[in-house]
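Reader: Hi! I'm new to this one and would love a friendly tour. Could you put it on screen and walk me through it?

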Amino acid sequence: IMFSTNFRVFTFSSTIYSKLYTGDGIDNTCDDDKQIDECAEDIFPPEINAAIAIQECSNKIFPTSQDALDCFSAPGLVSAVDDCREVDLTFEDKDSSTPTCSAVVGIKAVALGCGNRTLEDTTEINVTVAVDDKKPQVTCNIGAQDL
């Protein structure tokens, strides 16, 4: 069975894994430790729901990339869940080094408690938003003299 997530492909044999299979209060791996919903059962990365943030923040033009970051990280606009673990949700300005007309807000969800398993425990999305950090310049021509 093959499936892809975060642009990586997993291949499993003899067992069909689904999100209903993990996080269900049962020791599904039938291993010797008999632990329920352990790290060995947590094969799906967290899911990020940014629909409200995208609706609220994507149609705005922000004066700075920090303002864009503040919009996306406002409480209640982005959520993340994992099938087995608690999730840490972080927000990052992906490229504020150069003033441009856009900013990239990075949203990262990490399932906690299973060590450093990037593939199974991490999901990232990037959202590009409009930033206009330049004030308009006004030039008036009166005859041959500019004011």
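**A first look**

Author: Happy to! The chain has three helices and 10 strands. Keep in mind that this is a predicted model.

Reader: Thanks! In what order do the elements of the chain run from the N terminus on?

Author: The order is β-β-β-α-β-α-β-β-β-α-β-β-β.

Reader: And how many of the residues count as buried, as a percentage?

Author: The chain has 147 residues, and 29% of them count as buried. As for the outside, the chain exposes about 9500 Å², with carbon and sulfur atoms supplying 53% of that.

Reader: Since it's predicted, what is the mean pLDDT of the chain?

Author: The mean is 76, and 67% of the residues reach 70 or more. Confidence is highest in α1, at 95, and lowest in strand β1 (residues 2–5), where the mean is 39. Over residues 1–18 the pLDDT is below 50, and in the model this stretch has 27 contacts beyond near neighbours in sequence.

Reader: Good to know, I'll be careful there. Now the sheet: which strands form it, and in what order?

Author: Four strands form an open sheet, ordered β4-β8-β7-β6, and the pairing is mixed.

Reader: Which strands stand at the edges, and why is one side of each left without a neighbour?

Author: Those are β4 and β6: each has a single partner strand, so one side of each has no neighbour in the sheet.

Reader: Do tell me about the pairs. How do β4 and β8 run, parallel or antiparallel?

Author: β4 and β8 run parallel, joined by two bridges. In one of these pairings, Ile-61 has Ala-130 of β8 as its bridge partner.

Reader: What about β7 and β8: in which sense do they pair, and over how many bridges?

Author: β7 and β8 pair in the antiparallel sense, over nine bridges. If you'd like a spot to look for, Lys-108 has Glu-124 in β8 as its bridge partner.

Reader: I clicked on Thr-128. Where is its place?

Author: Thr-128 sits in strand β8.

Reader: Is that residue buried or exposed, then?

Author: Thr-128 is exposed, because its relative accessible area is 54% and the cut-off for exposed is over 50%.

Reader: Which residues does Thr-128 touch?

Author: Leaving out residues up to four places away in sequence, Thr-128 touches Ser-102, Ala-103 and Val-104. Gly-106 is another one to find: it lies 22 residues from Thr-128 in sequence, with 8.8 Å between their C-alpha atoms.

Reader: Switching topic! How many disulfides does the count come to?

Author: The count comes to one disulfide. Cys-57 and Cys-71 form it, with their sulfur atoms 2.0 Å apart. This pair links distant parts of the chain: Cys-57 belongs to helix α1 (residues 51–57) and Cys-71 to helix α2 (residues 65–72), 14 residues apart.

Reader: Is the link of Cys-57 and Cys-71 left-handed or right-handed?

Author: The link is left-handed, with -90 degrees about the S-S bond.

Reader: And are Cys-57 and Cys-71 buried or exposed?

Author: Both Cys-57 and Cys-71 are buried. Cys-101, on the other hand, counts as exposed, at 64% relative accessibility.

Reader: Back to α2. Which of its residues are buried?

Author: In α2, the buried residues are Ser-65, Ala-68, Leu-69, Cys-71 and Phe-72. Seen down the axis of α2, they fall within an arc of 160 degrees, so they line one face of the helix.

Reader: Nice! What do the buried residues of α2 pack against?

Author: They pack against α1 and four strands of the chain, namely β4 (61–62), β6 (87–93), β7 (102–111) and β8 (122–131).

Reader: One last residue: where is the place of Ile-43?

Author: Ile-43 is in the loop between β2 (8–11) and β3 (47–49). Ile-43 counts as buried, because its relative accessibility is 9% and buried means under 20%. The C-alpha atoms of Ile-43 and Leu-119 are separated by 8.6 Å, although the two are 76 residues apart along the chain.

Reader: What percentage of contacts in the chain join residues at least 24 apart?

Author: Among contacts between residues at least 6 apart in sequence, 57% join residues at least 24 apart.

Definitions and conventions:
Residues numbered from 1 in each chain as written. Predicted model: local features only at pLDDT ≥ 70, side-chain atom pairs only at ≥ 80, totals over all residues. Heavy atoms only, no water. Disulfide = S-S within 2.5 Å. Buried < 20%, exposed > 50% of the residue type's maximum accessible area, 1.4 Å probe, protein only. Arc of directions from axis to C-beta. Contact = heavy atoms within 4.5 Å. pLDDT = per-residue confidence, 0-100. Pairing = 2+ DSSP bridges. Areas by Shrake-Rupley, 256 points an atom, 1.4 Å probe, with all protein chains shown as cover.
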